[in-house]
Amino acid sequence: MLVIIDMQNHILDHKNGSYVAKAKTIIPKIAERLNSARQNGEYVLFTKDVPIRYKGTLTEENDSFQIISQLQPLAHEKVLQKYYYTLSPEILLDLKRTLFKSKKEQKTIEIVGVETNLCVFSNTLALQGAFPEADFIINCELVASSDQDEEALKLLKRFNIDVKEK
């Protein structure tokens, strides 16, 4: 399974508080990994982060919260909206049930995306709790953060996450 964390338009807007300067460099690499996942029939999951204050408002559908055009999900790919740093327990349980019913056993889960120290970090641990038998991979070339990348990746290694160095 490939999980793409919060690759939304607002991370490219330097006027936005969610701007991630390094995001531009990982978009082509994530697009390449996404194409590979699609060709190999991997389950692809996207997360969208929307601040809780916009939940249920028209702003929630604002273009800044949409997935970056180069990474647009296909109709059959799952997009999960979250209002906090991580997916909620209810969403994780539903995801686990969906994959169990479809017999799509998850042996390897690769996490890519932005805010390594927050959203990538917390969603990796949440997914690890939901899929404890899966192997988790983070390729350093496919994640970016405003700060604390290295510290977050070191800590993830302590949780038995396979962090692939550049």
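Contact here means heavy atoms within 4.5 Å. The model used in these exercises is predicted.

**Exercise 1. Helix 1 and its cover**

Task: Compare the span of helix 1 with the expected value, then state which strands are included in what covers its buried residues.

Solution:
- Helix 1 has 17 residues, and at 1.5 Å a residue these should span 24 Å.
- The end C-alpha atoms of helix 1 are 24 Å apart, which agrees with that expectation.
- The buried residues of helix 1 are A23, I26, I27, I30, A31, R33, L34 and A37.
- Their cover includes strand 1, strand 2 (44-49), strand 4 and strand 6 (143-144).
- After helix 1 comes G41, with a positive phi near 70°.

**Exercise 2. Length and burial of helix 3**

Task: Determine how far helix 3 reaches and how many of its residues are buried.

Solution:
- Helix 3 covers residues 116-130, 15 residues in total.
- From first C-alpha to last, helix 3 reaches 20 Å, close to the 21 Å expected at 1.5 Å a residue.
- Of the 15 residues in helix 3, 11 are buried, so the helix is mostly covered, taking buried as under 20% relative accessible area.
- Among the buried residues of helix 3 are C119, V120, F121, A126 and L127.
- T116, N117, S122, N123 and T124 of helix 3 are buried as well.

**Exercise 3. Packing of helix 3 on helix 4**

Task: Give the angle and axis distance for helix 3 and helix 4, and classify the arrangement.

Solution:
- Helix 4 spans residues 149-158, and helix 3 packs with it at an angle of about 15°, the axes being 9 Å apart.
- Angles under 35 degrees count as roughly parallel, and helix 3 is therefore roughly parallel to helix 4.
- On the helix 3 side, the contact is made by T116, N117, F121, T124 and L125.
- On the helix 4 side, D149, A152, L153, L155 and L156 take part.
- The crossing of helix 3 with helix 4 is right-handed.

**Exercise 4. The cysteines**

Task: Explain why C140 is not bonded to C119, and describe the surroundings of C119.

Solution:
- A disulfide requires two cysteine sulfur atoms within 2.5 Å.
- The cysteine sulfur closest to that of C140 belongs to C119, but it is 18 Å away, so the pair is too far apart for a bond.
- The count of disulfides by this rule is zero.
- C119 is buried at 4% relative accessible area, and C140 is buried at 8%.
- C119 lies in helix 3.
- Leaving out residues up to four places away in sequence, C119 touches I5, D6, K82, Y85 and V114.
- Y84 is 35 residues from C119 along the chain, yet their C-alpha atoms are separated by 8.7 Å.

**Exercise 5. Positive phi outside glycine**

Task: Locate D6 and E115 in the chain, and state for each the phi value and whether the residue is buried or exposed.

Solution:
- D6, one of the residues touched by C119, is placed in the loop between strand 1 (2-5) and helix 1 (23-39).
- Phi of D6 is near 55°, positive although the residue is not glycine.
- D6 has a relative accessible area of 4% and is therefore buried.
- E115 sits in the loop between strand 4 (108-114) and helix 3.
- Phi of E115 is near 60°, again a positive value in a residue other than glycine.
- E115 has 15% relative accessibility and so counts as buried.

Terms used
Residues are numbered from 1 along each chain as its sequence is written. This is a predicted model: local features need pLDDT of at least 70, side-chain atom pairs count only at pLDDT 80 or more; totals for chains, interfaces and linings use all residues. Side-chain values use heavy atoms; hydrogens and water are left out. Helices (H or I, at least four residues) and strands (E, at least two) are DSSP runs, numbered from the N terminus. The expected span of a helix is 1.5 Å times one less than its number of residues. Buried means under 20% relative accessible area, exposed over 50%, partly exposed in between (1.4 Å probe, protein chains only). Axes are lines fitted to C-alpha atoms, for helices over the stretch in contact, and angles run from 0 to 180 degrees between N-to-C directions. Angles under 35 degrees count as roughly parallel, over 145 as roughly antiparallel, 65 to 115 as roughly perpendicular and the rest as oblique. A crossing is left-handed if the near helix is turned anticlockwise from the far one by less than a right angle, and right-handed if clockwise.
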